[in-house]
Amino acid sequence: MLRRVLSLPAGRIAVAILTVVALLAVLGPVLAPHDPLATSARTLAPGSGTHPLGTDYLGRDVLSRLLAGSRVSVLGSLEVALTALVVGVVPGILSVYLGRAFEWVTLRVVDTLVALPFLLFAVAVIALLGNGITQAMLVTGVLVSPLFYRVSRAATLTVARSQYVEAALIAGASVGWVVRRHVWVKVLPPIAVALAQTIGVGFVIVSSLTFLGIGVQPPEPTWGGLLASDLGYLSYQPWAPVAPALLIMATVWACNLLADAIRDVSGEAGRALVAHRRLRAGRRGRTEPAPTGGAS
Amino acid sequence: MTTTLAPPAAPARRRGPTAARARHALGRVLATLARSAAIFVPVFLVATFVTFALRSLSGLSPARVQLGEDATPEAIHRVEAQWGLDRPFLVQYGHWFGGLLHGDLGTSWTNGADISTLIGLGLGVSLSVASLALVIGVLAGFVLGTTAALRQTTWVDRAITGFVTLISVMPAFVVGIVLVEAFAVGLHVFPSAGYVPMAQGLTPWLEHITLPALALSFDVVADVARQLRTSLVAAYRENYVTGAVVRGLSPQRIFLGHVLRNGLGPALATLGLKFPALVGASVVTEWVFGLQGFGRFANDSAQSGDVPAVQGVLVVSIVLVVVFNLLVNLVLARVTPASQRGV
């Protein structure tokens, strides 16, 4: 799968950007040229040799804060995506097999989750359940899990109704074997697409929360927090928001690009699509998950 | 109906077309409403229950908010009894839910004010901004999406697709900062913060909500444009379009009568899905633009641990989402009747 994604230019760009961001998250605090928390007398300085991106209103080095803050964003978005994956996929597949009662209940739960504005809910939950980014990310993960539920349910439904699965069942295969052998393979590509999208969404949410100053303690550097402190000094440092904003946007863009690339190369028509994608007008279109009886 | 000699269906329909059609349309609206209600009533019950359970989960108490950290256990107990928090959980929920149905969301822990009133004040601001954002989003998204679809695979299409991709990855607060920077700090065209009600004049009101609405609308523009382009391109490939071309229908007629009608459904459905995100993003935009709206109220009361206020905010947001989805479903049923089948 990875090799086929890398065969597309878009896939190469996406993987390159995400690799850089992942490296920043791992090595960021080490690479930082200054202590991200150390204040100095040179406040709101423009970019220079010692401070490539200048300093903020307390004289702290912006580049160091940017590097040190990458870990929170990356970990947070991964937490959102993995929680959503676990919470969404398992009931999504089981809803096809565990009978109508289970199906009805999970569908209603999904309807409810879709109706909740997740940023508002995340704000509320963090503030009420203790000031930690992890709780918020877990809750947000649950709130965005309907995407995984719908995607895996739609894929499972198609497989479950196909003739080869019917044949396998008639030949005496157990449902568990069918799920492991046939369903899983078909569900994986759409899940990979959803995972890439959700990591992007998680990034926006973590940045929004840290922008509002929720979930992290003040001196700790975050990308959103950097932007928030820039907002007060726009007339002195009009260029200051550029670096953190570009980082956030590039990461989200890379996630979307990766999702598109995975969608393009997965499935039977994948290879042919790779060759002809430039000719296809609808290639950028997002295919909505099949309607599975939701409110929206 | 009156004559027995005439062939049954056609003349009868011709005789009373308006009445029959009106009855038919009304029936369809009612059916949509009933179906939506069947989905939304359980949603509402579950969501309010989860919301109410938040207080027990949080372990927060009005005593902590009012008396501070070092209050005596007796004082804490007295305050909690005063708020009715010593009763069983389900009784509390029943009482709260009863009030809810009458539009009473309780009183704030921090200042004892009526929460419905507080939220009502904020909603005026937020709904002004959100409505304008929706109008901008739908109009701009429609223009961009249809232009891209009509000029598909040309440089116009590529430019629009690139622009849409760019704005779709900009979080609301980044857009907000860019707009403040460009129009308020740089060009001094719009005020950078604050709100003026419509009663004080249309122009100042518009001036104050334009930037926040723009910031909020980017996401909508991107989604509507992208969805519309995809579904219009798909509709143009259908056989009935070829058929219409062969019959010699004008391009305008094909676009308006055949393509647009079939392509509009998914874009409208996206709009319904987008609304919760819009409500959520208002928390951020109102912070950037210093608006005392619904989102700001949510943020402030969450940060101060004012549980009833947060519960009120969540309930109101759920109601907003539900009502908006209902409207979208009604419009959808009107525009694309097929969308009502098999859902």
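Student: What makes residues 236-259 of chain A count as helix or strand, and how far apart are the end C-alpha atoms?

Tutor: In this predicted model, the stretch 236-259 of chain A is 75% helix and 0% strand, with 39 Å between its end C-alpha atoms. A record also speaks about this stretch, since an unreviewed UniProt entry lists 236-259 of chain A among the residues it labels "transmembrane region", along with 80-102. For residues 80-102 of chain A, the share of helix is 91%, the share of strand is 0%, and the end C-alpha atoms lie 25 Å apart.

Student: How do you know that the span of helix α6 of chain A agrees with what is expected?

Tutor: The helix α6(A) covers residues 133-144, which is 12 residues. The expected span is 1.5 Å times one less than the number of residues, so for α6(A) it should be 16 Å, and because the end C-alpha atoms are 16 Å apart, the two values agree.

Student: Why are the buried residues of α6(A) said to lie on the same side?

Tutor: A residue is called buried when its relative accessible area is under 20%, and in α6(A) the buried residues are A:Ile133, A:Ala136, A:Met137, A:Thr140, A:Gly141, A:Leu143 and A:Val144. Around the axis they cover an arc of only 160°, and therefore they are on the same side of α6(A). Among the elements of chain A that cover them are α3 (62-97), α5 (118-128) and α9 (175-212).

Student: What makes a set of residues a nonpolar core, and which residues have the most contacts inside the largest one?

Tutor: The members must be buried residues of certain kinds, such as Leu, Phe and Ile, joined through side-chain atoms within 4.5 Å. The largest such core has 135 residues, and A:Leu209, A:Phe211 and B:Ile119 have the most contacts inside it. Helix α13 (residues 307-335) of chain B gives the largest share, 15 residues.

Student: Why is this core said to lie between two domains of chain B?

Tutor: Both domain 1 (43-104) and domain 2 (120-342) of chain B give residues to the core, so it lies between them. The centres of these two domains, taken over C-alpha atoms, are 36 Å apart, and their contact takes 12 residues from domain 1 and eight residues from domain 2 of chain B.

Student: Which residues of chain B does A:Phe211 touch?

Tutor: Leaving out residues up to four places away in sequence, A:Phe211 touches B:Phe173, B:Ile177, B:Val284, B:Trp287 and B:Val288, and its partners in chain A include A:Gly224 and A:Leu227.

How values were computed. Residues numbered from 1 in each chain as written. Chains lettered and ligands numbered in written order. Predicted model: local features only at pLDDT ≥ 70, side-chain atom pairs only at ≥ 80, totals over all residues. Heavy atoms only, no water. Buried < 20%, exposed > 50% of the residue type's maximum accessible area, 1.4 Å probe, protein only. Helix = DSSP H or I, 4+ residues; strand = E, 2+ residues; numbered from the N terminus. Domains from an automatic or database assignment. Contact = heavy atoms within 4.5 Å. Arc of directions from axis to C-beta. UniProt positions renumbered as here; feature names shortened; annotations may be inferred.
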